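Colleague: Please take me closely through how the helices pack in this model. I would also like to hear what lies around them.

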Amino acid sequence: MAGPDLPSSQTVAWIETPGPDTGKLVIRNNVDIQQPGDNEILVKLECSGICHSDCRNVEGMGSYTEIPGHEGVGTVVALGPSASTSLLGKRVGVKWLYSACSECAACRRGQANNCPKQRNTGRSTRGTLQQYVVARADFVTLIPDGVASEVAAPLLCAGLSLAGAVSKLSPEVQPGEFVAIVGAGGGLGHIGVQIAASKGYKVIAIDSGAEKQQLCKEMGAVAFVDYAKEDVVETVKALTDGEGANGVICVAGTDKAYNQAVQLVRNTGVFVCVGLPPDSFMFPMSPIHIANQGLVIKGSSTGTPEQMDELLQLALQSKITPKIEVYDFEDAPKIIQELQRYEVTGRKVVRAPA
């Protein structure tokens, strides 16, 4: 079932020669529009956020599709067999989690975000940097009236990833205790600062530059540590009675960030892995040190549907306000390059071609 007549082809952002030195994102025209299959929908996109993890597609890290993106907002224009007719014409968000098995232990616990058989937008299926994207009908999110599409887009990944990460601090870390966020001024990190502060944690933001410092303070951080100018470990310890943060969320995806971040957590603290270094990089702490310090190590790639709905309601109430800049679709290749150089403050969103 379809809404208005659809064009025969579309404009997309396409990865050519993926690799660490060879990969590049280019704008292509006259690319086929995929049609929805069983329990799938076709979404005409209005906008898409661009995530640092999209750089992994370009750099050929792991298994990904030629069209990246997993933060898309648009209108449902066609339905595949079995998809609910109630979705036609609705504004929805297309997230990282394309589908899950609904049968494994994680899914039965309501944690489809940790399903071992999950499929992902931009990795298993073509992503949201195109005009039309196919999505699973039962895994999209309805966007409430009153939340602008360009605001909703980064919440679908950046916001949801950090909502999941902040939830992992519990029950060990209590409101009023210190949480250090490494990579706090970026697309994910600045929303994480706001979420963690709203939960009552005292957030120490770690990043570099005056612009990111200002953003983190605006988001609710009690302190900002500039890794380019300060001894991060000593500064964080000085801010936390010499013991280190009760919880650390490492959003930055570099080896250096992880090697330093593990030195920031106090004994009996919690370390949450979010950032994505190369697959060959191993967690930089010996089991004997983890055991002696009584540390809890957790991982979080995204959050739950309930956390997604909560985020959108907070956005509707202006309690979560991601810093966004909106660009033309043709700027997507340049934004990827800026992300690769860690030059982006907040989140950049591109408008899909009309």
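**Helix 3 and its surroundings**

Modeller: Happy to! Helix 3 and helix 4 cross in a right-handed way (the near helix is turned clockwise from the far one by less than a right angle; anticlockwise would be left-handed). Before going on, please keep in mind that this is a predicted model, where local features need pLDDT of at least 70, side-chain atom pairs count only at pLDDT 80 or more, and totals for chains, interfaces and linings use all residues. Residues are numbered from 1 along each chain as its sequence is written, and side-chain values use heavy atoms, leaving out hydrogens and water.

Back to that first pair: the axes of helix 3 and helix 4 cross at roughly 45° and come within 9 Å (axes are lines fitted to C-alpha atoms over the stretch in contact, with angles from 0 to 180 degrees between N-to-C directions). Helix 3 is therefore oblique to helix 4 (under 35 degrees is roughly parallel, over 145 roughly antiparallel, 65 to 115 roughly perpendicular and the rest oblique).

Helix 3 also packs against helix 9, residues 305-316, at an angle of about 120° and with the axes 9 Å apart. That makes helix 3 oblique to helix 9, and the crossing of this pair is right-handed.

Helix 4 has a further partner. Helix 4 (residues 189-198) and helix 5 (residues 210-219) have axes that come within 8 Å and cross at roughly 25°. These two helices are therefore roughly parallel to each other, and their crossing is right-handed.

Now follow the chain out of helix 3. The loop between helix 3 (149-167) and strand 10 (178-182) holds Pro171 (helices are DSSP runs of H or I with at least four residues, strands are E runs of at least two, numbered from the N terminus). Pro171 is joined to Ser170 by a cis peptide bond, with omega at about 10°. Another loop, between strand 2 (24-32) and strand 3 (40-49), contains Asn39. Asn39 is not a glycine, yet has a positive phi of about 60°.

A search of the whole structure turns up one cavity of 30 Å³ or more (points on a 1 Å grid where a 1.4 Å probe fits but cannot get out, with lining residues having an atom within 4 Å of a point). The largest cavity holds about 40 Å³ of space. Its lining consists of Val94, Lys95, Leu97, Tyr98, Thr121, Ala135, Arg136, Phe139 and Val140. Strand 6 (97-99) and strand 8 (132-136) each contribute at least two residues to this lining.

For the wider setting, an unreviewed UniProt entry lists residues 19-350 as "domain: Enoyl reductase (ER)" (annotations may be inferred rather than shown by experiment). Over residues 19-350, the chain is 27% helix and 26% strand, and the end C-alpha atoms are 24 Å apart.

Methods
On a 1 Å grid over the protein atoms alone, a cavity is a set of points where a 1.4 Å probe fits but cannot get out, and a pocket is an open set with protein on both sides within 12 Å along at least five of seven lines; lining residues have an atom within 4 Å of a point. Grid points are joined across faces, edges and corners, and a volume is the space filled by probe spheres set on the points.
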